[in-house]
Structures are given as C-alpha cells and as structure tokens.
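Work through the exercises below with the sequence and the model open side by side. Try each task before reading its solution.

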Amino acid sequence: MTQRRSFTALAALALVAACSDGNGNVKPKAISSLSTLGLGAVTERFTAEVNVYGNYAYTTTWGNRASVRGNAVKIWDISGTVPLLVDSLIVTGATTLGDVQAVGDPKILVVATEVAGGSIVIYDLTTPAHPTLITRYSSANTTNGVHTAEVQRVNGVLYGFLCIDPSGGAPARLTIVDLTTPSAPREVFSQPMGNPYVHDTYVRDGILFTALWKDGMKIWDIGGGGKGGSPSSPVAIGAARTVGGEVHNIYWYHDASNGSKQFAFVGEEGQGTIGSAASGDVHVVDVSNMAAPREVAFYHVAGAGTHNFSVDETNGVLYAAFYNGGVRALNVRGDLGTCAASAKAADGRCDLTKMGRELAQGLQSGAPVYVWGVQRVGSFVYASDMLNGLWKLRVQ
C-alpha cells in the first residue's frame, strides 16, 4: 500500500499514536494475519526442525511414529504455494535426528544425529535438491548423541557448536568443531555443562549463548567479548536463570531500527504431550550488561508452550513455534522492559500480551498441530509441524 508523504501536524500525531504500543515504541510493519497457503504432508514420521535455503527447505524427523524411526531428512521445493517433496535422505544408524542447517559458503548441509553413536552428518549442497554425503563426524565427545548443532563463523572461521546428550552417568557437554574443511571436521573444545542438559546454543559477534536448562542461560566470550576467549577456549561473561527454568533455546536480538542489542529471547520448554498439550513461555532478558543479565518480560500462551523461534529483525517481529498453540507473531521493537503498571506481572516483569505486543496467530483452525520450528523468509513463514509436515504461511 502506498502511503501519502504529506501530513498535517495533527494527522502526523494521530499516526504516531496509532502505531505506538502505548510506551512510545513504534510498532513494526503491521501484520494482520498469518494465512495458510499449503502443506507438504508427512504422515509416517514426526517432523522436527526446518531450515530454508533458497527455493528449498530441509526438515528433519524425530523419535518413533508407529515404529517408524525419525531418521529421514525431507527435501522440499518451496517455490510454489504448496511445499513439494523432491527427495529424502535416510541417515543410517541414527535413532532420531535433531537440528538441520544449510550454509552458503561452503555449500553444505549439517544434520545432528542421536542417540548412541551421536554425530553430525555433512552433505554437499552444490545441487540443493539432492544433497550428497561428504562425511559423518563423531568422537568420544559426541557419541552420546548430538541433540542440536549450530553452524556459525567466528572471526572468519566456520564452527559447529554441538550440544551433547547426557547418558549412562556421563553429563551433557558442549563440543565445538572447526568446519573449515567440511570433509575433515576438527574438534577444538569439549566441556561438560548443563543441568541436566546443554540444549542449544546461539552464536553472534563472537559471543556464545548456551541454554543450560535448570542452570539457565550462560554467556561466553569466544572472540568478540573482550575477555580473551575463543572457540577453543571460551571465557564466561555472565549468566541468568529465567523464571521457570527449562531453558531450551536463545536468540540475541539486534534491532535493525536503532542498532540496539539490549535483549535476548529465551525459550522455556515445559511439560507436554505430543499433539495435545505443551507449556513454557518466551522470556525476555536484558543483556545490556552481559556480566549481569536480568529477565524483564515474558509472553505466555495458556495451555501451549514455545519451542523454537525465528526473528525478522528488519521489521522487529519474533515468530514463535508454540506446539499445539500454532505460530505466534510478536512485536519486539523498542523497549520490552518498560511497561505500565497494568501490564506488569506480580513479580515486576512486563507481560507482552498485556502490552499489546501480539500481532498475529497462525495455524489456529483445521487439524490439530504441534509446531516444532518456524522460519520467516521474505513474505512467508515456514512451520514444521510434528503431526502434519511442513506448512507455508503468508505474512499479511
């Protein structure tokens, strides 16, 4: 929609008020709905994570569904309205799969495998519709199962950050591998951490965030924090325990509108039943002082719980997978830790719902859903649904 560029002073003030969240923060581009376009159906396995690469999306599978193992990577052509399955990769020896991530330079796809014989499997993405195996990496420090694997660059070097399952009395641990040569990953760090899990990581600007479940969130310098840390020798900066614990995933938000790096979003994974119930909030942590981060706000959906999320930093919108609650879009632009008394919980945290921060909901009608992951790309949101497969939604 084209907007007129001339306003009277009164009209301009009215526009600012209409686009404000009540705390003087300008809202992102309006989102009226997340409309469902199409479903790439998967019925024989539970669908897990999703990652989009150009015109293709990759989804992993998880657990056991009617005795069928979650050992397949599904490859989808997403150029049309309905995701079209074009290939599947069966990962032999894997009980279940976790994360999947495509990288553009070099062109590789990295898949995490569990449980015994844990590993990362690396594929060549020269032909995105049909990845080919490069290598499978495992070591004594991955064998208990790689639950999640994030691939990021630190000072120009590509690394994999692997969260390893606890097993047989051995604690959970973080293992970091150098992926400079994808055919020959090289382990540079491994250390026990987490209670009982180190579940996920987030890496940006030489800072590592670890999701340590009951031990909360911990922040490390690995090359950008000024503490002398590196991927081979992380240095702790600070930590925080969010309300409810069960810290599952983290996203450090860089607000494109003003350059602010004040907030990190923490996902809490509480108790749930596949297909029918879940629990756990999105927590907002002020990390302006990384040595002393503190929780300032939260978003709660009754009867549902968050899992993974994706942030559109250009427009200031967080898209959260909420299991049986579908997909939720939140305005995260501006100051999330300041709110009116009427929007505060008893413990002083701001309630994003009462602040009017919810923008839209998706996958609220039709068959039951259990949304594991979500990714915003362009005008679309792709949601991986454990029960049904891969959804394509339009942002309107």
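**Exercise 1: A hairpin**

Six residues link strand 6 to strand 7 in a hairpin. This is a predicted model: local features need pLDDT of at least 70, side-chain atom pairs count only at pLDDT 80 or more, and totals for chains, interfaces and linings use all residues. Residues are numbered from 1 along each chain as its sequence is written, and side-chain values use heavy atoms, with hydrogens and water left out.

Task: state in which sense strand 6 and strand 7 pair, and over how many bridges.

Solution.
- Step 1. Fix the terms. Strands are DSSP runs of E, at least two residues, and helices are runs of H or I, at least four residues; both are numbered from the N terminus. Two strands pair if DSSP finds at least two bridges between them.
- Step 2. Locate the strands. Strand 6 covers residues 72-77 and strand 7 covers residues 84-90.
- Step 3. Read the pairing. The sense is antiparallel, over six bridges.
- Step 4. Check one bridge. Alanine 72 has isoleucine 90 of strand 7 as its partner.

**Exercise 2: Two open sheets**

Task: find which strands stand at the edges of the sheet ordered 16-17-18-19.

Solution.
- Step 1. Four strands form this open sheet, with antiparallel pairing.
- Step 2. Strand 16 (200-204) and strand 19 (235-240) each have a single partner strand, so one side of each lacks a neighbour in the sheet. These two are the edges.
- Step 3. Neighbouring strands of this sheet are turned by 20 degrees against each other on average, direction ignored. Here axes are lines fitted to C-alpha atoms, and angles run from 0 to 180 degrees between N-to-C directions.
- Step 4. Strand 18 (residues 217-221) pairs with strand 19 over five bridges. Isoleucine 219 is bridged to glycine 238 in strand 19.

Task: repeat the search for the sheet ordered 12-13-14-15.

Solution.
- Step 1. Four strands again form an open, antiparallel sheet.
- Step 2. Strand 12 (146-154) and strand 15 (186-192) stand at the edges, each with a single partner strand.
- Step 3. Strand 13 (residues 157-164) and strand 14 (residues 173-178) pair over six bridges. Tyrosine 159 is opposite aspartate 178 of strand 14.

**Exercise 3: Threonine 60**

Task: decide whether threonine 60 is buried or exposed.

Solution.
- Step 1. Set the cut-offs. Buried means under 20% relative accessible area, exposed over 50%, partly exposed in between (1.4 Å probe, protein chains only).
- Step 2. Place the residue. Threonine 60 sits in strand 3 (residues 56-62).
- Step 3. Apply the rule. Threonine 60 has 0% relative accessibility, so it counts as buried.
- Step 4. List contacts (heavy atoms within 4.5 Å). Beyond four places in sequence, threonine 60 touches residues including Phe46, Ala72, Leu97 and Val111.

**Exercise 4: The cores**

Task: name the residues that touch the most other members of the largest nonpolar core.

Solution.
- Step 1. Define the set. A nonpolar core is made of buried Ala, Val, Leu, Ile, Met, Phe, Trp, Tyr and Cys residues joined through side-chain atoms within 4.5 Å.
- Step 2. Pick the hubs. Among 39 residues, they are Phe209, Ile250, Phe265 and Val287.
- Step 3. Trace the suppliers. Strand 17 (207-211) and strand 20 (247-252) are among the strands that each give at least two residues.
- Step 4. Inspect one hub. Phenylalanine 209 contacts, among others, Ile219, Ile250, Trp252 and Val287.
- Step 5. Look elsewhere. Another core, of 18 residues, lies apart; Leu34, Tyr319, Leu363 and Trp391 are among its members.
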